[in-house]
Amino acid sequence: MLYILDQRLRAQNIPVDKAKKVMNDIISTMFNKKFLEELFKPQELYSKKALRTVFDRLAHASIMRLNQASMDKLYDLMTMAFKYQVLLCSRPKDILLVSFNHMDAIKDFVNDSPSILSQVDETFRQLIEMYSSLSSGEFQLIRQTLLTFFQDMHIRVSIFLKDKVQNSNGRFVLSTSGPVPNGAQVPGLIRIFSCAGDEVTRLQFNNGGNYTSALREGSFEIFGERVTKLGTNMYSVCRPVETHLSGTSKNSAQHQKVSAVPNPLAKEELNLLSSLMGGLEVHRGGNADSGFRVNLFNTDEEEEEAFSSRPDELCYGVISIQATKDEQVDAELTKIMGEFSDSTDQSPNASSKGDDLLAMMDGL
Amino acid sequence: MVSASWDGLNYSHRQLQSKEPNVATSTSLIMQASFCVLPSRELLVVTSQKGIQMYESDGSIMVYWHALDLPETPTTQAVFARGISAVWDNYICVGVSSGSILVFDIPSKGSNITLSEVLEEHKDSITDMASECSGSQECIADMVSADDVGSMCVWKAGEEFHLLNKISGFDMTCSSVKLWKGTVAAGYGTGQIRLYEAVTGILHVEINAHARWINSLDIAPFSGLLLSAAEDSLVRVWHMSLTPETNSVEVAHLHNECVTDTQICGARFCDDDGFAFAVTGYDLSEIIRYTQT
């Protein structure tokens with residue numbers, strides 16, 4: 001998300017001080033102690049709606065505004081980029097190196113704000129403490145669980161298509177050449193041993209690819225070279241952020257239909273979200289005049305067009321939730337809404353396709 | 001569920017909804033599904049983060065549900081069941097994330113399934129289990145279990161299961177394991193395949209087989225064909241030959257298939273001769289079937 005926002009802020013020539021404020025505000029909100037405490041608790045994978053809601057809030061943690069179409073596109077790009085990073089990891093433990101690449105970049109964005117930097121460093125330490133000692137099997141379980149979340153998403157991303165890491169059918173390219181992962185050997189050798197343990201025969205076979213030996217090991221410390229490029233900023237200078245939605249999903253099995261029946265899962269999710277949101281303090285310094293809108297498209301017309309032509313199955317709409325009768329949840333949400341009170345109006349187009357959880361929360 | 005005729009030309013399919021009690025408040029990922037073939041009956045066993053379901057093999061009725069012990073609030077250690085094997089005449093064994101193996105006693109018909117024993121030998125999550133020799137044949141080793149750090153246990157089945165041998169891992173997940181004529185075929189996260197003699201733990205063969213995590217191994221018992229599939233998008237067919245007189249094992253590489261841009265999750269022979277095999281993959285909505293020409 002930060003890579004993309006940083007690129008758009010530069011592409012739209014937003015004044016440096018405003019751009020810096022946006023990045024600092026978002027990162028500061030993301031690394032808020034209470035929020036992180038919630039994130040670090042052992043818990044199940046969030047639903048797609050819950051995750052989208054959290055990122056909506058994060059993206060609006062500062063003076064920057066995004067219309068629904070731009071937010072949708074931002075989220076599309078983010079999820080496909082992350083899916084790519086998780087899928088392409090050559091060994092499961094590399095997902096930690098990907099996270100470290102993210103952390104390194106975040107530290108760079110806030111390198112002139114010591115207080116935010118120390119928040120990020122503290123989180124870095126927590127990540128290392130929590131994950132460094134996991135076995136490869138445990139990392140693979142984490143990776144497979146993440147891949148379950150991203151299953152059947154095939155939105156095509158311009159720079160991925162141009163760089164030939166994604167095909168025109170939306171699938172990522174899995175190369176059968178290149179270095180093998182750390183700890184692995186180049187395929188092609190069969191070794192046969194005697195009962196005493198001596199090697200008696202060596203046979204070669206054609207591995208059907210063009211593999212080379214593993215690269216050096218990446219660093220799992222706070223500072224160090226990660227070696228893997230996955231998780232680094234894919235926008236070197238100024239590259240386009242187009243996505244292609246047409247003909248994307250023949251398989252829309254992943255997407256929930258709007259239902260009028262009260263969903264028992266919804267209350268559980270609301271509770272989860274309320275704990276998460278409770279930690280998302282919003283810094284809104286400055287007056288309403290300093291606010292500005294960022295467009296993920298090249299023109300306002302393009303953004304409008306994208307909004308009205310977005311295929312139904314790709315809308316991130318949420319199951320409609322009837323007003324909950326639970327007093328405690330009501331009170332909790334009202335308190336959170338107080339923290340998020342917004343001086344500018346929500347875009348009137350925000351909920352044309354099914355009731356949006358955000359709209360519901362705003363209306364409470 | 002899809003069932004196909006021997007030549008693959010006719011097939012029928014139906015959808016089976018996973019029925020788990022008390023799943024109202026959260027989702028439960030399915031870890032594995034396997035048809036367990038016993039002399040008297042076949043059951044479909046499905047493992048998840050909540051427990052173990054057993055169905056009649058056509059999916060028509062659920063005959064048994066075993067709930068895992070779940071903590072009140074989630075802990076850092078994930079809880080799930082993984083690793084399924086039919087063993088001997090009347091047992092189905094299922095592994096658990098704690099490293100325990102649950103041994104279920106299966107009657108020849110009906111739903112009076114009971115938990116017979118819990119085997120506590122592994123200290124890390126069970127990844128896969130395999131067996132051979134049910135019914136008339138006499139085998140020394142009946143079952144092998146593997147875990148997240150690559151340790152393998154070799155068992156003799158019975159009213160009380162007996163540990164015959166423990167093969168130490170080398171800190172790399174053994175993701176898939178098969179047992180054939182007393183030989184263990186093990187696939188690892190590093191892409192290596194190793195063949196061990198089950199009872200003694202002697203390493204016979206080591207293959208640098210794949211460039212990525214191996215997800216699946218299968219053996220066609222009548223022909224000695226070995227199938228391996230990995231996240232490198234390749235499926236490979238090997239031939240194993242055993243010479244009991246000299247206690248030697250040999251392996252030859254026969255064939256490669258590349259499923260372009262697909263991380264292969266499962267690969268199985270469709271028959272005991274290995275005449276055909278089928279493959280599944282991540283983000284792949286199809287089952288691809290390959291036949292010998």
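Buried means under 20% relative accessible area, exposed means over 50%, and partly exposed lies in between. These classes are applied below to a predicted model. A:Asp300, at 43% relative accessibility, therefore counts as partly exposed.

A:Asp300 forms a salt bridge with A:Arg293. The closest N and O atoms of this pair are 2.9 Å apart. A:Arg293 is also partly exposed, with a relative accessible area of 33%. Over all chains, the salt bridges come to 26.

A second pair in chain A has buried partners. A:Asp94 forms a salt bridge with A:Arg91, and 2.8 Å separates their closest N and O atoms. The relative accessible area of A:Asp94 is 8%, so A:Asp94 is buried. A:Arg91 has 14% relative accessibility and counts as buried because this value is under 20%.

Chain A also holds a network of salt bridges. Its linked residues are A:Arg52, A:Asp56, A:Asp72, A:Asp76 and A:Arg310.

In chain B, B:Lys166 forms a salt bridge with B:Glu121. Here the closest N and O atoms are 3.9 Å apart. This distance meets the criterion because a salt bridge requires the nitrogen to be within 4 Å of the carboxyl oxygen. The pair links distant parts of the chain, with the two positions 45 residues apart in numbering. B:Lys166 is in strand β14 (residues 162–167) of chain B. B:Glu121 is in the loop between β10 (114–120) and β11 (126–131) of chain B. Both partners fall in the intermediate class of accessibility. B:Lys166 is partly exposed at 37% relative accessibility, and B:Glu121 is partly exposed at 26%.

Chain B has 25 strands and 0 helices. Of its 293 residues, 54% count as buried. Contacts in chain B were also considered by sequence separation. Among those between residues at least 6 apart in sequence, 43% join residues at least 24 apart.

Two loop residues of chain B have unusual backbone angles. Most residues other than glycine have a negative phi. B:Lys181 is not a glycine, yet has a positive phi of about 50 degrees. B:Lys181 is found in the loop between β15 (174–180) and β16 (183–188) of chain B. The side of the surface is clear for this residue: B:Lys181 is exposed, with a relative accessible area of 56%. B:Asp283 is likewise a residue other than glycine with a positive phi, near 65 degrees. The loop between β24 (276–281) and β25 (288–291) of chain B contains B:Asp283. B:Asp283 is buried, at a relative accessible area of 10%.

Helix packing was examined in chain A. Two packed helices are described by the angle between their axes and the distance between the axes. The axes of helix α1 (residues 2–11) of chain A and α6(A) come within 11 Å. They cross at roughly 40 degrees. From α1(A), the contact involves A:Leu2, A:Tyr3 and A:Asp6. From α6(A), the residues met are A:Asn101, A:His102, A:Ala105, A:Ile106 and A:Phe109. By class, the contact of α1(A) with α6(A) has 5 nonpolar, 2 polar and 1 charged residues.

Helix α6 (94–109) of chain A also takes part in a pocket lining. This helix, α5 (68–88), α9 (158–162) and β3 (177–179) of chain A each supply at least two residues of the lining of the second largest pocket. The largest share, 5 residues, comes from α5(A). The second largest pocket holds about 900 Å³ of space. Its lining comprises 43 residues. Nearest its centre lie A:Leu88, A:Ser90, A:Thr228, A:Lys229 and A:Leu230. The lining divides into 20 nonpolar, 12 polar and 11 charged residues.

A:His154 lies in a loop of chain A, between α8 (136–150) and β2 (156–157). A:His154 counts as buried because its relative accessibility, 9%, is under 20%. A:Met80 is 74 residues from A:His154 along the chain. The C-alpha atoms of A:His154 and A:Met80 are nevertheless separated by 7.6 Å.

Conventions: Residues numbered from 1 in each chain as written. Chains lettered and ligands numbered in written order. Predicted model: local features only at pLDDT ≥ 70, side-chain atom pairs only at ≥ 80, totals over all residues. Heavy atoms only, no water. Salt bridge = Lys/Arg side-chain N within 4 Å of Asp/Glu carboxyl O. Buried < 20%, exposed > 50% of the residue type's maximum accessible area, 1.4 Å probe, protein only. Helix = DSSP H or I, 4+ residues; strand = E, 2+ residues; numbered from the N terminus. 1 Å grid on protein atoms, 1.4 Å probe; cavity = no way out; pocket = protein on both sides within 12 Å on 5 of 7 lines; lining within 4 Å. Points joined across faces, edges and corners; volume = space filled by probe spheres on them. Nonpolar A, V, L, I, M, F, W, Y, C, P; charged D, E, K, R; others polar. Axes fitted to C-alpha atoms, helices over the stretch in contact; angles between N-to-C directions. Contact = heavy atoms within 4.5 Å.
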